[in-house]
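Dear colleague,

Please find below the structure I am handing over to you. My findings follow it, and I would be grateful if you would read them alongside the coordinates.

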Amino acid sequence: MEEKIKSSKTKKTLIISLCVITLVFVCILGTYAYLLTNINNDDKQQAELNTGTMHLRFADGDSTINKQIMLGETITKEFTLENKGTLDAGASIEWLDIVNGYMEGSLTYTLEQSETKDSGYTEIIEKTNVPVTKTAFTTTLAPDLEVPAGKTYYYNLKITFNDLPTIDQSADANAALYTKFGVSETSENRSYSLTIDLNGGKLNGVSTVEDVSIKNGVTREIGTPRKAGSKFVGWKIIGMGSTLTDGILIMGKANTKLIAEYEEGSASEILSKLGVEPIEVTDTVPDFSAATTANDAGVYSMEDDYGISYFYRGAVTNNYVKFAGLYWRIIRVNGDGSVRIRYDGTSAHANGTNTTNRFTHTGQTYNANHNDAKYVGWMYGPAGTGASTSKAQAQTNTANSDIKTLVDGWYKTNIVDAGYSESVEDTIFCNDRSTPGSGKYGTANSTYYLYNPAAWSWSLSPCNYNSRANEFILNTSGDLNYANVHSPDGAVAPVINLSSEYFKTLKGTGSMSDPF
């Protein structure tokens with residue numbers, strides 16, 4: 001089915017027709033739904049489940065649901081929860097080994113409770129999505145159902161196959177729901193399993209599925225996984241009550257599974273267009289403790305804030321781009337598929353060419369003032385010449401540095417006003433003002449594509465503050481060095497990110513004579 005189902009009536013007719021066709025294939029081929037009807041049949045004889053003094057009994061004598069539900073249909077599972085003890089007690093009802101092949105939101109459930117069988121029902125769980133999972137999974141259906149001593153409460157679990165007018169539900173035609181039900185102790189002080197599925201990615205160098213046991217309410221920091229050629233877009237959470245905000249998981253009252261989700265293909269498609277085979281960065285490849293050599297020319301892969309990025313290193317000659325009538329060199333393909341490029345002149349220049357034409361400006365300060373740590377920032381706070389009173393204040397993005405004002409003006413004239421801004425991606429740049437670690441510093445190097453002895457140029461990275469603010473620079477001998485931010489001799493080579501969609505439209509081979 002490729003056409004979108006536009007009306008409820010048409011959708012209903014089509015879904016029913018598809019289900020009839022599916023049933024024919026079930027009889028002949030043994031489809032997914034057929035297989036479900038032939039597993040765990042022994043559970044159908046289990047009418048009562050127990051934990052402590054709490055007894056869960058099913059009205060139909062069956063502790064499972066195993067069914068293809070029709071569009072618009074609601075099925076009801078009736079059960080009782082009896083407290084046979086002398087003290088008030090509680091229990092949690094669980095979906096055991098649930099397999100739900102329907103789309104997210106197609107199946108929802110409510111739970112009603114009453115002290116009598118035939119009347120007085122109150123909805124205690126409002127409309128909630130049935131967990132979607134193609135592999136058997138256990139999670140909580142209803143946590144902490146309290147029943148007084150000696151009492152029996154009655155429950156109606158209602159599961160509905162919803163008509164979603166704005167969504168194509170044709171994928172639900174072959175779907176089925178299978179689950180067993182379980183009863184367990186209340187959630188207080190209980191531990192639940194947390195499964196972290198990286199879905200083909202890596203987190204802290206590890207790619208295996210992690211299973212841990214965590215108590216309800218406990219918090220855990222969840223990192224950001226990376227996957228080659230893909231952009232991480234978030235975690236899918238399966239499990240009642242667990243929440244994940246700003247990378248912090250608060251464990252809910254159920255077994256919980258986190259599945260990493262990605263946007264596939266952007267970076268890998270760009271790599272294919274570039275015609276390069278990236279080399280994975282390891283502890284020894286490349287050797288960052290040494291300057292580049294002719295043999296280091298190539299594309300290497302490592303993690304960034306979006307996924308796996310691919311950066312050019314050494315004296316490469318296949319990373320030329322012509323954009324906005326100007327010449328640029330590709331620095332890297334970002335993890336989201338955007339392409340980071342650095343200005344390299346109004347004409348194409350060979351590696352090592354000694355010319356100031358490879359810069360947009362020369363003889364520029366980074367900031368006119370230098371007597372405060374705030375002046376190492378691309379932006380800083382407070383505005384004006386007043387001293388910052390804390391590291392946090394110095395790192396607020398309140399005022400522009402002098403060099404940012406300069407570059408912003410150049411960008412407006414040459415990119416925005418020239419009609420090219422739609423092709424530029426808003427992608428993260430790093431002006432990291434945290435405490436620095438070691439970097440390769442002070443080693444002359446002329447065997448890489450950014451080397452230009454015509455002038456030293458400003459970087460975006462702060463170096464230190466030692467009674468004056470200092471910024472890292474790319475020196476005329478090709479080494480990483482630093483300069484006082486008010487030094488008047490710095491050159492400027494802007495860096496921007498082209499969107500992957502735009503870059504895919506470019507022709508060429510990336511050479512100096514045939515740039516992308």
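**Aromatic groups and nonpolar cores**

Ring pairs join Phe 58, Phe 79, Trp 95, Tyr 109, Tyr 155 and Phe 181 into a cluster. Please bear in mind that this is a predicted model.

In total, the count of aromatic pairs comes to 20. One of them is formed by Tyr 375 and Tyr 380, whose rings meet edge-to-face, 5.3 Å centre to centre and with 70° between the planes. Are these two tyrosines buried or exposed? Tyr 375 has a relative accessible area of 1%, and because buried means under 20%, Tyr 375 is buried. Tyr 380, at 7% relative accessibility, counts as buried by that cut-off too.

Another pair is made by Phe 503 and Phe 516; this pair is tilted, with 5.4 Å centre to centre and 55° between the planes. The pair links distant parts of the chain, as Phe 503 belongs to helix α6 (residues 500–503) and Phe 516 to the segment after α6, 13 residues apart. Both Phe 503 and Phe 516 are buried.

A ring also takes part in a contact with a charge: the charged end of Arg 329 sits over the ring of Tyr 320, 3.8 Å from its centre.

I turn now to the nonpolar cores. The largest has 37 residues, and the members that touch the most others are Leu 81, Trp 95, Leu 157, Ile 159 and Leu 177. Two or more residues each come from β2 (54–58), β4 (74–83), β5 (89–100), β6 (107–114), β8 (133–147), β9 (152–161) and β10 (177–184). Which residues does Leu 81 touch, not counting those up to four places away in sequence? Among them are Met 54, Leu 56, Ala 91, Ile 93, Leu 145, Val 147, Tyr 155 and Val 183, and Leu 81 also touches His 55, Lys 151 and Thr 152. A second, separate core holds 32 residues, including Ile 270, Ala 324, Val 339 and Leu 498. In soluble globular proteins, nonpolar side chains tend to be buried together.

Finally, some totals for the chain. Its secondary structure consists of 6 helices and 31 strands. Of the 516 residues, 46% are buried. Among contacts between residues at least 6 apart in sequence, 67% join residues at least 24 apart. The accessible surface is about 24,500 Å², and carbon and sulfur atoms account for 50% of that surface.

Yours sincerely

Key:
Residues are numbered from 1 along each chain as its sequence is written. This is a predicted model: local features need pLDDT of at least 70, side-chain atom pairs count only at pLDDT 80 or more; totals for chains, interfaces and linings use all residues. Side-chain values use heavy atoms; hydrogens and water are left out. A nonpolar core is a set of buried Ala, Val, Leu, Ile, Met, Phe, Trp, Tyr and Cys residues joined through side-chain atoms within 4.5 Å. Buried means under 20% relative accessible area, exposed over 50%, partly exposed in between (1.4 Å probe, protein chains only). Helices (H or I, at least four residues) and strands (E, at least two) are DSSP runs, numbered from the N terminus. Contact means heavy atoms within 4.5 Å. Accessible areas come from the Shrake-Rupley method with a 1.4 Å probe; for residues, only the protein chains shown count as cover. Rings of Phe, Tyr and Trp (its six-membered ring) pair if their centres lie within 6.5 Å; planes under 30 degrees apart count as stacked, over 60 as edge-to-face and the rest as tilted. A charge sits over a ring if NZ of Lys or CZ of Arg is within 6 Å of the ring centre and within 35 degrees of the ring normal.
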